[in-house]
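Okay everyone, thanks for coming. I've got one structure to walk you through today, so let's put it up on the screen and have a look together.

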Amino acid sequence: MKTSLAIPVTKTQSSRLSQTDFSNLVFGKTISDHMFVADFKNGEWSDLRIEPYAPLHLNPSNAALHYGQSIFEGLKAYKNENGEIIIFRADANWSRMNESAERMCMPSLPEEVFMEGLLQLLELDKAWVPSAKGASLYIRPFMFATDDYIGVKPSDTYKFIIFTCPVGNYYSKPVSVKVETKFTRATEGGTGAAKTAGNYAASLFPALQAQKAGYDQLLWTDGKSHSNIEESGTMNVMFKINGKIITAPTNTGTILKGITRNSVIQLAKDWDESLEERFLSVSELKSALEAGQVDEAFGTGTAATIAHIYKIHLDGKDYILPEKPADAFSHRVLAALDGIKYGTVADPHDWIIKI
Ligand code: COI
């Protein structure tokens, strides 16, 4: 893809590439050599640049550190069999970032700044895109307040940064989840639909309790009555019950508009699968588990793509889901998404960009 914006580049003098063990990648631990940076001041984005990945200098009074004006995105780049770099639905990440920005009183980011910064960063650090099956380059665009001011108000200045990390699989095996009916991830009128730091901070304590009780993650329920399933861990969640795929709608403002979620729904429609965007109540889930009618349950997100759920804890009881056949929907949809992302199967919805 052609790029047009002239972004000055300062290259690292000490690349970490040769010391990186690509056969042993822990999610989010290894960071590539460079980052793209832009600053928002006087009402506009300026000083676009690519520079070596390095610590930031922030004052202790930095507004984001105190009041959490901080949003992020996650997407991935893949290497195909010809060594070409492919990115998946980056335009959707750009527009969702601007939705998060609006909710958090942050400035919108022009598409050109997001896309050109991303493409030129990837061009420079393309050697960091792993080629092993299942591996990819996780891309983390984020924006945060930079005013040095601890009065509570929207910041006047911001920084937008993109850095990248080569990653392997997020989950190496199916996960166990506990239905959470005490703590809340998001509530109507809150920030659940925004990809903002505070949502993740609020999830840590309940997730830790679940982990102490022996479960990998939570199934979040709604904040008002805890009677409907909303999300799972940091992902959207889907169930296949009696042959029907069910996933929560995103019109309550409590659920992230997942790009993987949207892609799975599109593929399900392409394949004439029966799919309902509606709330699954905890009691309906319980009855279906008791009756052995839950064929599949899985999280959808950028980091894991599809996270298979093998065990659900509900009302003091563990339910083990049945072994899935090779042609189960969650296996087929994962294979299709991987195929599109690695460029081995057709991309009917123009989701990929080759760099
Ligand atoms: C995702 O799976 O898309 C996520 O947002 C997970 C990330 C917070 C590591």
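Let's start with T302: one of its polar backbone atoms is 2.9 Å from an oxygen atom of the ligand. Before I go on, please keep in mind that this is a predicted model.

So what else makes a polar contact with the ligand? Look at K195: an N or O atom in its side chain is 2.6 Å from a ligand oxygen. Then there's A303, where a backbone N or O atom sits 3.1 Å from an oxygen atom of the ligand. And how much of the ligand does the protein cover? On its own, the ligand has 280 Å² of accessible area, and the protein covers 89% of that.

Now zoom out a little. Around the ligand you'll find F27, Y170, K195, Y200, T234, G301, T302 and A303. If you sort that shell by class, you get four nonpolar residues, three polar ones and one charged one. And which pocket is the ligand in? The space it takes up is the largest pocket.

Okay, one more stop, and it's a loop. Find the stretch between β2 (44–52) and α1 (63–67), and you'll see N62 there. Is N62 buried or exposed? N62 counts as buried, because its relative accessibility is 0%, and the cut-off for buried is under 20%. The N62 side chain also has a partner: one of its polar atoms lies 2.9 Å from the backbone nitrogen of A64.

That's my tour, so over to you for questions.

Notes. Residues are numbered from 1 along each chain as its sequence is written. This is a predicted model: local features need pLDDT of at least 70, side-chain atom pairs count only at pLDDT 80 or more; totals for chains, interfaces and linings use all residues. Side-chain values use heavy atoms; hydrogens and water are left out. A residue is near a molecule or strand if one of its heavy atoms lies within 4 Å of it. A polar contact is a pair of N or O atoms within 3.5 Å; within protein, one must be able to donate a hydrogen and the other to accept it, and residues adjacent in sequence count only if both atoms are side-chain atoms. Accessible areas come from the Shrake-Rupley method with a 1.4 Å probe; for residues, only the protein chains shown count as cover. On a 1 Å grid over the protein atoms alone, a cavity is a set of points where a 1.4 Å probe fits but cannot get out, and a pocket is an open set with protein on both sides within 12 Å along at least five of seven lines; lining residues have an atom within 4 Å of a point. A molecule sits in a cavity or pocket if more than half of its atoms lie within 2 Å of its grid points. Ala, Val, Leu, Ile, Met, Phe, Trp, Tyr, Cys and Pro count as nonpolar, Asp, Glu, Lys and Arg as charged, and the others, Gly among them, as polar. Helices (H or I, at least four residues) and strands (E, at least two) are DSSP runs, numbered from the N terminus. Buried means under 20% relative accessible area, exposed over 50%, partly exposed in between (1.4 Å probe, protein chains only).
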